[in-house]
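User: I would like to learn how to read the ligand surroundings in a model of this kind. Could you take me through them step by step?

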Amino acid sequence: MGEQLRVAIVGSTGYGGVELIRFLIGHPQVQITSVISSSSAGGLLSEGFPHLNEIVTDTLDGVDIELIRSKADLVFTATPHGVSSKLVPQLLEAGLKVVDLSGDFRLRDGSVYEHWYKHEPADSRYLEQAVYGLAEVFGEDVRDVSFVSNPGCYPTATLLGLIPAVQAGWIDPATIIIDAKSGVSGAGRGLGLTVHYSEINENFLAYKVNKHQHTPEIESVLSRVAGHEVTTTFTTHLVPMTRGILCTMYASMNGERTDEDFIDLYKQFYEGRRFVRIIAKGKWPATKEVWGSNYCNIGFSADARTGRVTIVSVIDNLVKGAAGQAIQNMNLMMGWDEALGLGLTPAFP
Ligand SMILES: NC(=O)C1=CN([C@@H]2O[C@H](COP(=O)(O)OP(=O)(O)OC[C@H]3O[C@@H](n4cnc5c(N)ncnc54)[C@H](OP(=O)(O)O)[C@@H]3O)[C@@H](O)[C@H]2O)C=CC1
Ligand SMILES: CC(=O)N[C@@H](CCC(=O)OP(=O)(O)O)C(=O)O
């Protein structure tokens, strides 16, 4: 075994951060050399996360660029929107490789970011430098680069489900409707009324309707694939479960297609990509089939009666939607097998 890559995690006390740690502990080419917290430096990570007791014994470092530079070669920034935009440029200037999990570098146009995220955008030089890491589609772009912007959780499930059909011209992009549902860990570890047990338990609600910050990310990628501007209706819902995203997507078909046609098209598109699984005809993906794993499962029904296709995709928001895809991107950046360290089997039941 060659020398291991030294990795630091900023935001290691958040849900994305601890999920990165869970996978990176088993990564054969990586050593975690710094777990970082802006509010608990000097404390033990495992104090707040007893599931890591006697597994991770590290003391939390503060956010100190010089210290990070001395300890690490690559940094995962699992930090909130508005924090990454300021922090990542400093890490890049220090010569570090970066995979950012936030939304701060996913949109090239700073004014679009400001409109949807309500934060000041990052400097345009760094927005231009960021490579969008939807691994199964743009994985080649990521090879050998030093800065990857990890896709959003909803866009990952949505785009993996839509891109092959849009690229083939089998659906009319103008008719796409995306009906997305997420478990509450998608909102992070911070406390708030919407994730309060007594308010989300036995409840089910739509939120950010026509205002969700992932809308421009989905539209810009679909526009890139379609070759013309695409707008979509994208509605998010909160489900009383911990992990998982399920997206149901509808679009009008161009021409007559069967379920088998869609299955064949998608199997061909994702050939050799181990983390996308196309479900057999007549079956529908469920979030439990991907729980705790980096898989995305996709199923179809092409309806001759309405001329529309229904596409359903599922991911674990914390894995394929965040930490897992970030590690997949690191693997691609380093020229390694994309599945390294990503333990393939979902937890069931
Ligand atoms: N949860 C999910 O399913 C997904 C999340 N994401 C994105 O990943 C990022 C992390 O999300 P998630 O882990 O859920 O969020 P959490 O709220 O659980 O964690 C964020 C962490 O960031 C740290 N942090 C806060 N402010 C600062 C700061 N100024 N400097 C450095 N660190 C700071 C906090 O730790 P401390 O106070 O210890 O520093 C906190 O634990 C976000 O941008 C989120 O949008 C992306 C896809 C899916
Ligand atoms: C359930 C829930 O609240 N989900 C979050 C998902 C956003 C997220 O995690 O942030 P990114 O934009 O970095 O992907 C939301 O809808 O805003």
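User: Which residues are around ligand 2?

Analyst: This is a predicted model, in which local features need pLDDT of at least 70 and side-chain atom pairs count only at pLDDT 80 or more, while totals for chains, interfaces and linings use all residues. Residues are numbered from 1 along each chain as its sequence is written, and chains are lettered from A and ligands numbered from 1 in the order in which they are written. A residue is near a molecule if its C-beta atom, placed from the backbone, lies within 6 Å of it. Around ligand 2 these are Ser102, Gly103, Gly152, Cys153, Ser182, Val184, Gly186, Ala187, Gln213, His214, Thr236 and Leu238.

User: Where does ligand 1 lie with respect to domain 1 and domain 2?

Analyst: Ligand 1 lies between domain 1 (5-129) and domain 2 (154-316), because both give residues to its shell; such bounds come from an automatic or database domain assignment. The shell has 31 residues, the closest being Gly14, Gly16, Ser37, Ser102 and Gly188.

User: Is cysteine 153 buried or exposed?

Analyst: A residue is buried if 20 or more other C-beta atoms lie within 10 Å of its own, exposed if 12 or fewer, and partly exposed in between, with C-beta atoms placed from the backbone. Cysteine 153 has 25 such atoms within 10 Å and is therefore buried. An unreviewed UniProt entry lists Cys153 under "active site", and such annotations may be inferred rather than shown by experiment.
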